[in-house]
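Subject: Structure handover, with notes on its charged pairs

Dear colleague,

I am passing on the structure below for you to look through at your own pace. My notes on the charged side chains follow it.

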Amino acid sequence: MVGGAPEWVVREDASQAVLAALGVRQALGIRSPDELPPLRGLPPASVERDEDAQAVLERQWRGYWAMTVEPQAHPSPVPLDLVEGFGSLAALPTEGYDELRDGMVPHAEAVVAYARRAHERYVADAAAGARVSYRAYAGAIAEHERRVGRRAHSFELNVQVLPLAQRGVWWIGSLTIAVTDGLRGDVVAFDAAIHPIIAELA
């Protein structure tokens with residue numbers, strides 16, 4: 001929108017970096033965030049570790065997750081270094097993340113392959129339904145404007161379309177939601193699911 005009118009920006013993706021972070025979560029048996037379901041088609045971890053070691057990994061993964069999902073909102077206080085085997089898909093701070101880095105490296109090949117496949121599926125699905133993406137959000141915003149009787153406030157929303165095992169929508173950052181790919185492909189269900197998100201922002 002132009003001419004002083006409110007502006008809204010919705011970016012939709014299936015980021016390979018986000019997929020890789022979730023793959024690492026699954027491979028290492030990280031539980032947080034508790035409400036976010038696991039990825040489909042990726043075997044769960046079969047690791048046993050004591051509570052202290054688990055707590056360290058959980059804390060380090062949460063920091064890595066925040067920096068991956070919304071890097072501008074969560075800058076690292078120290079330089080970042082790419083994790084071996086992950087190419088450009090995973091970077092960790094050079095200090096304070098040794099346990100997570102050591103845990104990630106053995107899973108690099110499987111996690112990166114999964115992230116690439118899932119991203120390619122998203123791209124193919126998006127291409128098959130070209131232009132539907134913009135309409136889905138524009139329609140929800142127009143409906144919200146009709147309900148509240150005013151223009152939508154300016155807002156920004158990032159949408160990660162992910163192959164999660166449970167259908168739904170979850171906030172994964174202050175401006176970012178995760179949506180199951182199956183839900184995103186269901187026009188009516190997605191429209192109903194995105195309305196509360198738009199209402200919260202606009």
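Arg184 is a buried residue, its relative accessible area being 12%, which falls under the 20% that marks the limit for that class. Please keep in mind throughout that this is a predicted model. As for its place in the fold, Arg184 belongs to helix H6, which covers residues 181-184.

What does the side chain of Arg184 contact? A polar contact of 2.7 Å connects the side chain of Arg184 with the side chain of Glu12, and the two side chains also meet in a salt bridge, with 2.7 Å from N to O. Because Glu12 sits in strand E1 (residues 8-13) while Arg184 sits in helix H6, this pair ties together parts that are 172 residues apart in sequence.

Helix H6 takes part in another such pair, since Asp181 forms a salt bridge with Arg40 in which the closest N and O atoms are 2.8 Å apart. Here too distant parts of the chain are linked, with Asp181 in helix H6 and Arg40 in the loop between helix H1 (16-28) and helix H2 (51-69), 141 residues apart. Are these two partners buried or partly exposed? Asp181 counts as partly exposed at 24% relative accessibility, and Arg40 counts as partly exposed at 36%, whereas Arg184 is buried at 12%.

Turning to the loops, Arg167 forms a salt bridge with Asp186, and the closest N and O atoms of that pair are 2.8 Å apart. Arg167 lies in the loop between strand E4 (155-162) and strand E5 (169-171), and Asp186 lies in the loop between H6 and helix H7 (187-201), so that the pair links distant parts of the chain, 19 residues apart. Both residues fall into the partly exposed class, Arg167 with a relative accessible area of 46% and Asp186 with one of 30%.

There is also a set of charged residues that goes beyond a single pair: Glu143, Arg146 and Arg147 are joined into one network by salt bridges that share partners. As general background, side chains of opposite charge can pair when their charged atoms come close.

How many salt bridges does the structure hold? The total is seven, and those described above include the pair of Glu12 and Arg184, the pair of Asp181 and Arg40, and the pair of Arg167 and Asp186.

With best wishes

Key. Residues are numbered from 1 along each chain as its sequence is written. This is a predicted model: local features need pLDDT of at least 70, side-chain atom pairs count only at pLDDT 80 or more; totals for chains, interfaces and linings use all residues. Side-chain values use heavy atoms; hydrogens and water are left out. Helices (H or I, at least four residues) and strands (E, at least two) are DSSP runs, numbered from the N terminus. Buried means under 20% relative accessible area, exposed over 50%, partly exposed in between (1.4 Å probe, protein chains only). A polar contact is a pair of N or O atoms within 3.5 Å; within protein, one must be able to donate a hydrogen and the other to accept it, and residues adjacent in sequence count only if both atoms are side-chain atoms. A salt bridge is a side-chain nitrogen of Lys or Arg within 4 Å of a carboxyl oxygen of Asp or Glu.
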